[in-house]
Amino acid sequence: QREGSANPSKEMEVFVALPSGDSTLRVWLEAGASTAVEELSRRVFEGVCVGGSPQALERWRAATRLTTLGGRARLVPGRRLAECGVAHEVRELTVSVLHRVAGGIDFQNRVGSKPGSGGVQSAEQANIDRRERLRKLALETVDLNKDPYFMRNHLGTYECKLCLTLHNTEGNYLAHTQGKRHQQNLARRAFKERSDVPIAPQAPGRFIEKRHTIKIGRPGYKVTKSRDVATKQRVLLFEVDYPEAEDNVQPRHRFMSAYEQRVEPPDKQYQYLLFACDPYETIAFKIPNHDIDKSPDRFFTNWDPMSKKFSLSLMFADNAPSAPNPADSAPAKHRPTLTYDTSH
């Protein structure tokens, strides 16, 4: 016990181990275990920092913490030593002063972070950075003077006339134009404008009325097969009689693929040659699906309005001679001589 103490039965001697580890501070507490932790902290601070200011005392308290020897009891500020587990019968107590370690995550050395980057970016920071990039890009590419929904009011702020929103800066307005609300309003406005446009009356197209002619049957026909004497090409001569045809009507013909007709199963080895003339039914001839030589002197048609007979002559392109050179002196072109075999 210390000489001259007012209450020697409650007095406590506290040995304080400083953070340096090579020095120990000795403090006497007259109230013993009833002493507040703040008072012990002040006494330790006065012993370490002689003549320290109150501001320095607060900083020292924030940077250190007191624990009993071995860390079995932590001396929490705002309590007394007895409330922190120190018995009233104890007359000697050893306290350690520890520096507080700044807590948190080591962002500098996290997995996935680049050296010197400050750590992995959070989702909120990534959104802020994305909006900033979009704002800068829009400032470079968008001309606000041509935006019909951009307006500066008398207060110096900006308004979106489409969404009825206020914006402090042009960048904030541009970020708004990239948002979901503005884009939805643009789509809604475009749909409304399309629906409000009146449908202009269209000019009536050319309408050709189909003739309703009563068919009187199939016409008579004659088919002659032969070969050209000079070129040995196969020749087909079709002669169709239309005795009841009108005076101003001329028969027509066309070639049809086997896949266009619906009368027989399609066969790619054949094609059809059709003849039509009112008031007779349309007739078709099934011929081989070979190339046809449509040279002017090898494919010709003729309509005789006096005898009402339509003739068509065609040659297949097998063994067709090559076209003569125009530079060569050649005799004048003439229609090839056809030989008709009456036995067919």
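This is a short tour of the aromatic rings in a predicted model, with something to select at each stop. Residues are numbered from 1 along each chain as its sequence is written, and side-chain values use heavy atoms, with hydrogens and water left out. Because the model is predicted, local features need pLDDT of at least 70 and side-chain atom pairs count only at pLDDT 80 or more, while totals for chains, interfaces and linings use all residues.

Begin with the whole chain in cartoon view, where there are five helices and 16 strands (DSSP runs, H or I of at least four residues for helices and E of at least two for strands, numbered from the N terminus).

Next, display the aromatic side chains: the structure holds nine aromatic pairs (rings of Phe, Tyr and Trp, the last by its six-membered ring, with centres within 6.5 Å; planes under 30 degrees apart are stacked, over 60 edge-to-face, and the rest tilted). Select F150 and Y158, whose ring centres are 5.3 Å apart with planes at 20°, so this pair is stacked; both residues are buried (under 20% relative accessible area, with exposed over 50% and partly exposed in between, using a 1.4 Å probe and protein chains only).

Move on to F255 and F299, a tilted pair because the centres are 6.2 Å apart and the planes are at 45°. F255 lies in strand β11 and F299 in the loop between β14 and β15, so the pair ties together parts 44 residues apart in sequence.

Keep F299 selected and add K294, which lies over the face of that ring, at 5.9 Å from the ring centre (NZ of Lys or CZ of Arg within 6 Å of the centre and within 35 degrees of the ring normal).
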